[in-house]
Amino acid sequence: MKILVINAGSSSLKYQLIDMDTEKAILKGLCERITFEGSELTQKNAAGEVLNIKQDMKDHTEAIQLVLKAMVDEKYGAIKSIDEIAAVGHRVLHSGEDFKSSVVIDDEVIKICEKNAELGPLHMPGNIACIKSCMAVMPGVPMVAVFDTTFHSTMPPKAYMYAIPYSIYEQYKVRKYGFHGTSHKFVSEEAIKYLGKKESKLIICHLGNGSSVSAVKDGKCIDTSMGFTPLEGLIMGTRSGDIDPAASEYIRAKLNLTPEELVQYLNKKCGLMGISELSSDMRDLNAAADAGNEKALLAIEACAYRIKKYIGSYAAALNGVDAVIFTGGIGENSVIMRKFIMSDMDYLGAKLDPAKNALREDGIRDIATDDSKARILILPTNEELSIARETKALAFNK
């Protein structure tokens, strides 16, 4: 069984074709600059052969048509006919409070997604356009919406409520939602299997250009660092994370920004980039810090300190922790970040083994000392596989 996984943005479309018999991707591709001049498709098959097509795509329908053509390409494709695609799993940003899990897409689901588009104005229109395009180009093929927020829907009200008038929450649905849900779900499930514990207390650190931490008890999220939008929480590549709202208003006035420009500023000009005034890439910052750049080192230390504080607060919320888990590009690859984050965690019973932390290995690995009471895991995430599994389960009840 082959399942197509699609992650659509306003002007982009990432896709993977996954063989569910092996749970391996047999094709990966990206369409860029959809609706603009200079559109381009780049696709790589399992043999590593790359197909590049430069062709304008005026909308997501044309992009999907080009993707389907590329997948059956005699040399660079992986299937002989699109009839081999059993189902399509769509990553959709926001479920609002309407869905608590993934759903098979029908007209009613699309209407609800359109209603919730204002909660994710940058991503939801592209998500919806791609769903409609797929349904038009692939009639009869089951479509499943896998939301980025639903894993966090198990948070209790005390965790997701902001201290605002309750009527504002009721009327406008202003609350913490959390994001990166497909990653946190995949990692928590794999960690539970690895640890062999049905009852577990996990703290998952998804660290990349966008970063978030979740507290997961017995496989269910009880809290997470991102909020109403992905801006809340940790210091990220270019996002500020937690900031005093009055400080952001002060910045807005001093820089003479509109409210919309302020939100863009906090999303695009802050974070690691803002503190270092050098780069949002942790690799660049590590190299600069090693060369004596004090602002680069400060950015790294501040980022690690914020993560450490969230781990501490979630250990309190969970009343202990069985494992702290690192995933995402930074979480899986940055030795120095893991060292900074997990130093002085004796109160948790979590002891990092420096030699294990420095090793570069594939797959799940435990980098805690043998006598550590809490395990420290590096666990590569696979959001596309998580979406494919959800799609298979819903579309075929398997």
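**Exercise 1.** Determine how strand E2 and strand E3 pair, and place them in the sheet.

*Solution.* Step 1: strand E2 covers residues 13-19 and strand E3 covers residues 24-32. Strands here are DSSP runs (E, at least two residues) and helices are DSSP runs (H or I, at least four residues), both numbered from the N terminus. Two strands pair if DSSP finds at least two bridges between them. Step 2: E2 and E3 are joined by 7 bridges in the antiparallel sense. Leu13 has Cys31 of E3 opposite. Step 3: the open sheet has 8 strands, in the order E5-E4-E3-E2-E1-E6-E8-E7, with mixed pairing. Its edges are strand E5 (50-54) and strand E7 (103-104), each of which pairs on one side only.

The model is predicted: local features need pLDDT of at least 70, side-chain atom pairs count only at pLDDT 80 or more, and totals for chains, interfaces and linings use all residues. Residues are numbered from 1 along each chain as its sequence is written, and side-chain values use heavy atoms, with hydrogens and water left out.

**Exercise 2.** Find which parts of the chain the salt bridge of Arg389 and Glu23 ties together.

*Solution.* Step 1: a salt bridge is a side-chain nitrogen of Lys or Arg within 4 Å of a carboxyl oxygen of Asp or Glu. For Arg389 and Glu23 the N to O distance is 2.8 Å. Step 2: Arg389 sits in helix H15 (residues 383-396) and Glu23 in the loop between E2 and E3, so the bridge ties together parts 366 residues apart in sequence. Step 3: Glu23, Glu190, Lys193 and Arg389 belong to a network of salt bridges.

**Exercise 3.** State whether Glu383 and Arg91 are buried or exposed, and locate their salt bridge.

*Solution.* Step 1: the two side chains meet at 3.0 Å, N to O. Step 2: Glu383 is in helix H15 and Arg91 in strand E6, 292 residues apart. Step 3: buried means under 20% relative accessible area, exposed over 50%, and partly exposed in between (1.4 Å probe, protein chains only). Glu383 is buried because its relative accessible area is 14%; Arg91 is buried at 17%.

**Exercise 4.** Locate the salt bridge between Lys2 and Glu84.

*Solution.* Step 1: the N to O distance is 3.6 Å. Step 2: Lys2 lies in strand E1 (residues 2-8), and Glu84 in the loop between helix H1 (60-71) and strand E6 (85-92), 82 residues apart. Step 3: Glu84 is partly exposed, at 31% relative accessible area. The structure holds 21 salt bridges.
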